[in-house]
Amino acid sequence: QVRGLCGTYNWNQQDEFTTPAGDVETGVTAFTDKYRLSGDCPTGSPSPLDACDAFAGRRELAEAACAILYGPAFQ
């Protein structure tokens, strides 16, 4: 029953990029663009931003926040 930017969490990597319309994208940029809520938001770039390089000072906070995905709620 899970879907969205975090994937479907059904152990099938072929449907991880399922869009709100139900189709499956093959690339990250096309997939994330389907979740844009406003035309004012910039479209994705051809290559994803390496957040750890761009925001090095926030790495520790990001790792702590993402650790939730490895916790009991998602097992």
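Visitor: What share of the contacts in the protein chain with a separation of 6 or more comes from residues 24 or more positions apart?

Guide: This is a predicted model in which local features need pLDDT of at least 70 and side-chain atom pairs count only at pLDDT 80 or more, while totals for chains, interfaces and linings use all residues. Contact means heavy atoms within 4.5 Å. Among contacts with a separation of 6 or more, residues 24 or more positions apart account for 14%.

Visitor: Which elements does the protein chain contain, and in what order do they run from the N terminus?

Guide: Helices (H or I, at least four residues) and strands (E, at least two) are DSSP runs, numbered from the N terminus. The protein chain has three helices and zero strands. The order is α-α-α.

Visitor: Which element has the highest mean pLDDT?

Guide: pLDDT is the predictor's confidence in each residue, from 0 to 100. The protein chain has a mean of 77, with 77% of its residues at 70 or more. Helix α2 (residues 51-54) has the lowest mean among the elements, 71. The highest, 84, belongs to helix α3 (residues 59-66).

Visitor: Is T18 buried or exposed?

Guide: Residues are numbered from 1 along each chain as its sequence is written, and side-chain values use heavy atoms, with hydrogens and water left out. T18 lies in the segment before α1 (28-33). Leaving aside neighbours within four places in sequence, T18 is in contact with T8, D23, V24, F31 and Y35. Its relative accessible area is 12%, under the 20% limit (exposed is over 50%, partly exposed in between; 1.4 Å probe, protein chains only), so T18 is buried.
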